[in-house]
Amino acid sequence: MFTKVIALIAVLITGSLLLYGVADFPAFGDPNSPANAGVAGGAPSISQYFITDTYSDTKVPNLVTAVLADYRGYDTMFETVVIFAAGMAIFAILRVLGNVNDKHHRCYKVTTISDGDHNRIIVGSTVKVIVPIVQLFALYVVAHGHYSPGGGFQGGVIFAASFILLALADQLNAALRRLSETRYIILAVVGILIYAGFGVVCQILGKNFLDYGILEPLLFTKGPEMARSHSMLGVEIGVAFTVTTIMFAIYANLASRGSLKHSL
Amino acid sequence: MSDFINNVVQPYFNFWVYVILLMMGLWALIAKNNLIKKLIGLSIFQTAIILFYVSAGVKEDSTIPILLSQSPAEAIDPSIEEPLPESGYHSPEVPVAAKVDTKNINPDQFANPLPHVLMLTAIVVGVATLGVALAISQMVFKQFGTLEENEILKQMKGPAEDG
């Protein structure tokens, strides 16, 4: 009880300090706020440059994708590395540490759906119809990320959702047969290597890391702008590989408590 | 009271929502005993910050930052707009993206793309770190048989029979 009073006081002090600062913020939707237009009398905000010049720089209509994969390419690359590191951390915690010392293992009753359960027939066959459509949509989101909302992260998560759907409806083994542990770790590494490979090739050709314009002769494009556009598709595919496999790995490891045998 | 609402709450209503969400998350982080409830509080806290960033990029009378035919009429050069054919579809010879005057874009017509980019990556990393946190919680449950913080502390202080 005493701790809760202390916690309430701390929360209320934090909240009132934040609300006190709110009066200095610009109004909601103000186009002339510092974030949108820059400080009055100073240089214009960087986001104005992103809106006005991105199309002539990269020929990509979706400004979010262009900023994500080109202007902030380093950030996105290491974001992908963070996801990979999280996947490896879960692997280390649940698969390696979790199976080392089973002496103190508290007994859980793992209940699995028996083979004769009629729900599996309906749900399983529905999922078999839905999964290819979900995966096709995921590929569309990845490939169309330049022209519509989408990209590697979103498409990768949708693709992973199709595998998770398979694991939820059927046994986890059904999904692991298609995307086994060895396979998903290799594909996660391949995704990062695709992304970093684009950067390294730019370096070999004599430009900065991830400066895609120099890839023009390798991609057979007209002008460095289209080379940037195509390279962005390439790195988005790399991101999609890593996100798909790691999201599925997180689900598979958590749902089976690291055993990858019995699922929820 | 109505003065307070009209002058203080109403113009900054979005910020009030984020601050209240943030306080809820912080409360769960400090006061809740269950580790999973703490994680839920952390996610609510994160949601408040994501909403705050996204709202910083909102502009009145603007559209999504994609230069397509959905752009407002001002962003489309009327001189290259051709009348719709009888069928109601655009003529296939004119690419849709060409209808935006790409040389002369008014930044006020499009929402700020930068907060969207930052939050896109923040959401994905949030999911990955939540996965790690859940994995650690599973290990804690395996070790102690409970996720209640006070019971875990009691076991850690007591005789180390579990090793």
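## Reading a helix-to-helix interface

Analyst: From the N terminus on, chain B of this predicted model runs α-α-α-α-α. That gives 5 helices and 0 strands.

User: How many of the residues in chain B are buried?

Analyst: Of the 163 residues in chain B, 25% are buried. You can also look at contacts along the sequence: among those in chain B with a separation of 6 or more, 63% join residues 24 or more positions apart.

User: How do I read the place where chain A touches chain B?

Analyst: In general, the size of an interface is often given as the accessible area lost when the parts come together. Here, let's use residue contacts instead: 55 residues of chain A are in contact with 50 residues of chain B. On the chain A side, α5(A) gives the largest share, 12 residues. That side divides into 33 nonpolar, 16 polar and 6 charged residues.

User: What about the directions of α1(A) and α2(B), and why are they called roughly antiparallel?

Analyst: Start with the angle between the axes. Those of α1(A) and α2(B), residues 13–31 of chain B, come within 9 Å and cross at roughly 155°. An angle over 145 degrees counts as roughly antiparallel, and therefore α1(A) and α2(B) are described that way. The crossing is right-handed.

User: Which residues meet there?

Analyst: From α1(A), they include A:Ala7, A:Val11, A:Leu18 and A:Val22. From α2(B), B:Phe15, B:Leu22, B:Trp27 and B:Ile30 are among them. The residues of this contact divide into 14 nonpolar, 3 polar and 1 charged.

Key
Residues numbered from 1 in each chain as written. Chains lettered and ligands numbered in written order. Predicted model: local features only at pLDDT ≥ 70, side-chain atom pairs only at ≥ 80, totals over all residues. Helix = DSSP H or I, 4+ residues; strand = E, 2+ residues; numbered from the N terminus. Buried ≥ 20, exposed ≤ 12 C-beta atoms within 10 Å, placed from the backbone. Contact = placed C-beta atoms within 7 Å. Nonpolar A, V, L, I, M, F, W, Y, C, P; charged D, E, K, R; others polar. Axes fitted to C-alpha atoms, helices over the stretch in contact; angles between N-to-C directions. Parallel < 35°, antiparallel > 145°, perpendicular 65-115°, else oblique. Left-handed = near helix turned anticlockwise from the far one by under 90°.
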